[in-house]
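Open the model in a viewer and keep the sequence panel visible. The stops below go from strands to pockets to charged pairs.

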Amino acid sequence: MAVIALLTDFGTKDIYAGVMKVVIWSICPDAQIVDLTHEITPQDITEGALALWGAFRFFPIGSVFCAVVDPGVGTERRAIAVQTQEHFFVGPDNGLLWWVLSESKIIKCVELRNSTFFLPIVSKTFHGRDIFAPVSAHIARGVSLEEFGPELDSDEIVKLPPLKAEMGEKTIQAKVIHIDRFGNAVTNLRREDFVKYLSNLEEKTW
């Protein structure tokens, strides 16, 4: 059974997330859909990228992530699908997928151009329904990425700044990149970097 994880800024008050699910099930009836979150702050690519990065490693191999935080919908921004060693990712090429991809082994990346795999009518404002949901469903059914469009070099993917604090000899400069609903401030200081910094500091005190 294919797992398709949805991450959007659509909220749950409106019909948008529900319609995406129906589109997926119409193509891949056996898909097990996980609502990762639909409560990303509207158009906040960084928040969406952080949420995706924090969750993807817990999903089974072969899962498809359909991520839609897309302030550039209807413009010339690319729509992409990426296969990594363990998962598939579908969404706008605006940095939303980058933190995940930067820590994954990319097998193939394509631009979504083959409208055969889209809904018959593609709106300028709802590519989540018309492009990303159906493509995710077709991937879950086993369609190879090369069927969706021309291959892209991974260097062409839009990048976000590294999810990493600046480590000085005696200082650390970290940034708060998200505050969750409990008021916890999430920074770009990685645990492994902090542990390494403390270890180096202890060595220098001897």
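Which residue in β5 is the bridge partner of Val64? Select Val64 and look across to β5: the partner is Phe88. The model is a predicted one, so every selection here refers to computed coordinates.

**Stop 1: strand β3**

Keep Val64 selected and extend the selection to the whole of β3, residues 64-68. Toward β5 (residues 88-92), β3 runs parallel and is joined by three bridges. Now add strand β1, residues 3-8, which pairs with β3 in the parallel sense over five bridges. One contact to pick out here is Leu6, whose bridge partner in β3 is Cys66.

Next, show the side chains of β3. In a regular strand, side chains alternate between the two faces of the sheet. On one side of β3 are Val64, Cys66 and Val68, and on the other are Phe65 and Ala67; all are buried, so both faces are covered. Because five of the five residues of β3 are buried, the strand is largely enclosed by the rest of the structure.

**Stop 2: the whole sheet**

Select the six strands of the open sheet and follow the order β2-β1-β3-β5-β4-β6, in which the pairing is mixed. At the edges stand β2 and β6, each with a single partner strand, so one side of each has no neighbour in the sheet. Neighbouring strands are turned against each other by 20° on average, direction ignored.

For an antiparallel pair, go to β4 and β6, which are joined over five bridges. Select Thr84 there; the bridge partner of Thr84 in β6 is Ile106.

**Stop 3: two pockets**

Where is the centre of the largest pocket to be found? Select Asp9, Phe10, Asp70, Val73 and Thr125, which lie nearest the centre among the 14 lining residues. The volume of this pocket is about 260 Å³. By class, the lining has eight nonpolar, four polar and two charged residues.

The second largest pocket has a volume of about 220 Å³. Its lining includes Gly74, Thr75, Glu76, Arg77, Arg78 and Ala79, and also Glu111, Lys124 and His127. Here the classes are three nonpolar, four polar and five charged residues.

**Stop 4: salt bridges**

Arg78, part of the lining of the second largest pocket, leads on to the charged pairs. How many salt bridges are there? The count comes to seven.

Select Arg78 with Glu156: their side chains meet in a salt bridge at 3.6 Å, N to O. Arg78 sits in the loop between β3 and β4 and Glu156 in the loop between α4 (127-140) and β7 (166-167), so the pair ties together parts that are 78 residues apart in sequence. Glu156 is partly exposed, with a relative accessible area of 39%.

Move to Glu151 and Lys108, whose side chains also form a salt bridge (3.6 Å, N to O). This pair links distant parts of the chain, with Glu151 in the loop between α4 and β7 and Lys108 in strand β6 (residues 106-111), 43 residues apart. Glu151 counts as exposed, at 53% relative accessibility. Then add Asp93 to the selection of Arg78 and Glu156: salt bridges that share partners join these three into one network.

The last pair is Asp35 with Lys21, where the closest N and O atoms are 2.6 Å apart. Asp35 lies in β2 (residues 32-37) and Lys21 in helix α1 (residues 16-27), so their salt bridge ties together parts 14 residues apart in sequence. Asp35 is partly exposed, at a relative accessible area of 35%.

Definitions and conventions
Residues numbered from 1 in each chain as written. Predicted model: local features only at pLDDT ≥ 70, side-chain atom pairs only at ≥ 80, totals over all residues. Heavy atoms only, no water. Salt bridge = Lys/Arg side-chain N within 4 Å of Asp/Glu carboxyl O. Helix = DSSP H or I, 4+ residues; strand = E, 2+ residues; numbered from the N terminus. Buried < 20%, exposed > 50% of the residue type's maximum accessible area, 1.4 Å probe, protein only. Pairing = 2+ DSSP bridges. 1 Å grid on protein atoms, 1.4 Å probe; cavity = no way out; pocket = protein on both sides within 12 Å on 5 of 7 lines; lining within 4 Å. Points joined across faces, edges and corners; volume = space filled by probe spheres on them. Nonpolar A, V, L, I, M, F, W, Y, C, P; charged D, E, K, R; others polar. Axes fitted to C-alpha atoms, helices over the stretch in contact; angles between N-to-C directions.
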